[in-house]
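Reader: I am a first-year student, and I would like a close look at one part of this model. Please take me through chain B slowly, and show me how it meets its neighbour.

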Amino acid sequence: MLQVVLEHYNYWIAILLMMVGFYTVVARGNLVKKLVGLNIFQTSVFLLYISMAKVTGGTAPILDDRFQVYSNPLPHVLILTAIVVGVATTALGLALVVRIRESYGTIEEDELDLMDGET
Amino acid sequence: MNALLPHLPALQVVVPLVAAPLCLLAGRGGLAWIIAFLAAAAATVTAAILAYQTLHNGPISYEMGGWAPPWGIEYVVDTANAFILLLVAGIATVVLLFCYTSVGKEIRAGRQHLFYCMYTLCLTGLLGIAITGDAFNVFVFLEISSLSSYALIAMGGQRKALTAAFQYLVVGTIGATFFLIGVGLLYMMTGTLNMADLATRIPAIQDSRPVLAAFAFITVGLALKAALFPLHLWLPNAYAFAPSGVSAFIAATATKVSLYVLLRFTFTVFGADIAFRNLSLNLVLLLPAVIAMFAGSFSAIFQRDIKRMLAYSSVAQIGYITLAIALASHAGIQAAMIHIFNHGLMKAALFCAMGCIFYRIGSTRIDQIAGLGREMPWTFAAIAAAGLSLLGVPLTAGFISKWYLVQAALQSDMWWLVVLIAVSSMLALVYVWRLVEALYFKEPPPGRGTVAEAPLSMLLPTLLLAGANIYFGLDTRLPIEMTDSAATLLLRGQVW
């Protein structure tokens, strides 16, 4: 049992990060903390992709006569795209938080809900 | 011209994609509008040609950049996604006509070109999702369309638009990330991202945990994006506080495209056998769909803002579409796709009409719009036509949807579903009547002067959309032929 857990430690870390991020998004009322949670959540998926690309004993995928086994470069490329998407999402989210702060004067979800309820 | 024809699938996405930065460089609202309109019109023509080709010559495969699939990204057009492309591009073009005056009033002059830049990017994303045959490419386009729609919604005049956009951003990102996890798990098991290639490899490993988990992640992620009950909470505020043109465009297309991806993954990639026989997706979808039909319509009845009411009505209509998908039969898929099309027409017309009212009185609250029907007769006519279509009255497009839906339910021996569909349509009658009553039979609120009819540049696109609701209720050849062929292709599963 323990061996199964240890052999797949990369998955456990990904799942742990995923849940930490997801919980932060759901449980925190501060909009910036929500974005931080969202980032951790996305990062866990990046890790999942990156770690599945590793081939045991494989080297970096650069063609050379001395090596036969290479790691899979495709997930890295995919995740590069996903990272860009993540950066864009964070930037847009933070821009929205700035605008929310300017027009509401707060970034706490419960206070925002109260103010939205009045108008 | 003939040299361009083989490259139409690429141009479908590339033209709006190139138009977006051009809008940004244009720097002025008017010029940006022309660029955006030309791009959207070109996309509509492209989609129409593709639809014609797929209907008569069968599916088209396009190798992006000359890299052969499954290594390169493949664009595949068949009748199913050509139909969606036609809907998205067509609605985008007509709503853009409407935007010229509407955006002129609702968005500050210095920001209008940014609006059109985001609008064309959103169009690019939605078209890309529909046309691509590559699972990861779907994610990329999904995020392009989502990110631009968050920005578009935040451009709404009230400050609530900001909180609505933020909420949508958080939920949308979770949905897209779920989809990404699912695609990752599939890649881990099969070593491919090409949908057709995935479809041939999955049956051999269909009972393995990662494949089942991938299916669950993809379904939940897409359900979030499609606002399927109970994952619809982001939708009402997003539609209610977005600028009028954005509400019309997004309400008619964004959730529909996600539902198409759900269809594509369920039937083509995983195959109906895995989804419905092994995992009983029909039951998983049926219950939320039925609750959505009732909860959505019921919430709509109690809304004081008409745009919010229409948004809740969308939740109910998405319920009908999902219900049809859950039947998992030829008739069911056909009913789902017909309703995707017809509901797009209805909601685009209704939101445009609300935009006309907003243009004149600056509000869409039910107590403010009282008596407007007599002062804005053409806008009222558009609302009446689209409202009747929403109810499913004969001679409107909505009737065709309901007719196929009921037939599909009967074919599956679920007569009780017919009862539920009929009862929930009665709820729709309540809220549509509330709208008509306020517009036509109530006295205007004190202090409001005479209101003129909306300007022609907004009225014509609205009437065009409302007219389409009548036209496709009378001449059903296009949607019926396309969806009949699409349902056959989807049910056959396997490679396109």
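Author: What follows is a walk through chain B, ending at its contact with chain A.

This is a predicted model: local features need pLDDT of at least 70, side-chain atom pairs count only at pLDDT 80 or more, and totals for chains, interfaces and linings use all residues. Residues are numbered from 1 along each chain as its sequence is written, while chains are lettered from A and ligands numbered from 1 in the order in which they are written.

Start with the whole chain. Chain B holds 20 helices and 2 strands. Helices (H or I, at least four residues) and strands (E, at least two) are DSSP runs, numbered from the N terminus. Along the principal axes, the C-alpha atoms of chain B fill a box of roughly 70 × 55 × 40 Å. The radius of gyration of chain B is 21 Å, which agrees with the value near 23 Å for a compact globule of 496 residues. That radius is taken over C-alpha atoms, and the globule rule is 2.2 Å times the number of residues to the power 0.38.

How much of chain B is buried? Buried residues make up 64% of its 496 residues. A residue is buried if 20 or more other C-beta atoms lie within 10 Å of its own, exposed if 12 or fewer, and partly exposed in between; C-beta atoms are placed from the backbone. Contacts tell another part of the story. Two residues are in contact if their C-beta atoms, placed from the backbone, lie within 7 Å. Among contacts in chain B between residues at least 6 apart in sequence, 80% join residues at least 24 apart.

Now the strands. Strand 1 (residues 60-63) and strand 2 of chain B pair in the antiparallel sense over 4 bridges. Two strands pair if DSSP finds at least two bridges between them. Ile60(B) has Val77(B) in strand 2 as its bridge partner. In a regular strand the side chains alternate between the two faces of the sheet. Strand 2 (residues 74-77) is covered on both faces. Glu74(B) and Val76(B) are buried on one side, Tyr75(B) and Val77(B) on the other.

Next, the backbone in some loops. Most residues other than glycine have a negative phi, and most peptide bonds are trans. Pro69(B) and Pro70(B) are joined by a cis peptide bond, with omega about 5°. Pro70(B) sits in the loop between strand 1 and strand 2. Another cis bond joins Phe229(B) and Pro230(B), with omega about 0°. Pro230(B) lies in the loop between helix 8 (209-226) and helix 9 (235-241) of chain B.

Two residues of chain B have a positive phi to look at. For Ala328(B), phi is near 55°. Its loop runs between helix 13 (306-326) and helix 14. Ala328(B) is buried, because 20 other C-beta atoms lie within 10 Å. Leu395(B) has a phi of about 80°, and its place is the loop between helix 16 and helix 17. Leu395(B) is partly exposed, because 13 other C-beta atoms lie within 10 Å.

Turn to helix 19 (residues 456-474) of chain B. Its 19 residues reach 26 Å from first C-alpha to last, close to the 27 Å expected at 1.5 Å a residue. The expected span is 1.5 Å times one less than the number of residues. Its buried residues include Met458(B), Leu465(B) and Phe472(B). They pack against several helices of chain B, among them helix 3 (79-106), helix 14 (330-361) and helix 20 (477-492).

Ile274(B) is in helix 11 (residues 272-278) of chain B. Ile274(B) is buried, with 20 other C-beta atoms within 10 Å. Not counting residues up to four places away in sequence, Ile274(B) touches Gln206(B) and Leu279(B). Ile274(B) and Met458(B) are 184 residues apart in sequence and 48 Å apart in space, C-alpha to C-alpha.

Last, the neighbour. The contact takes 21 residues from chain B and 25 residues from chain A. On the chain B side, helix 5 (135-154) and helix 6 (160-190) are the elements that give two or more residues. Helix 6 gives the most, with 13 residues. The chain B side divides into 14 nonpolar, 4 polar and 3 charged residues. Here Ala, Val, Leu, Ile, Met, Phe, Trp, Tyr, Cys and Pro count as nonpolar, Asp, Glu, Lys and Arg as charged, and the others, Gly among them, as polar. Across the contact, helix 6 of chain B is part of what covers the buried residues of helix 2 of chain A. Those buried residues are Ala14(A), Met18(A), Gly21(A) and Val25(A).
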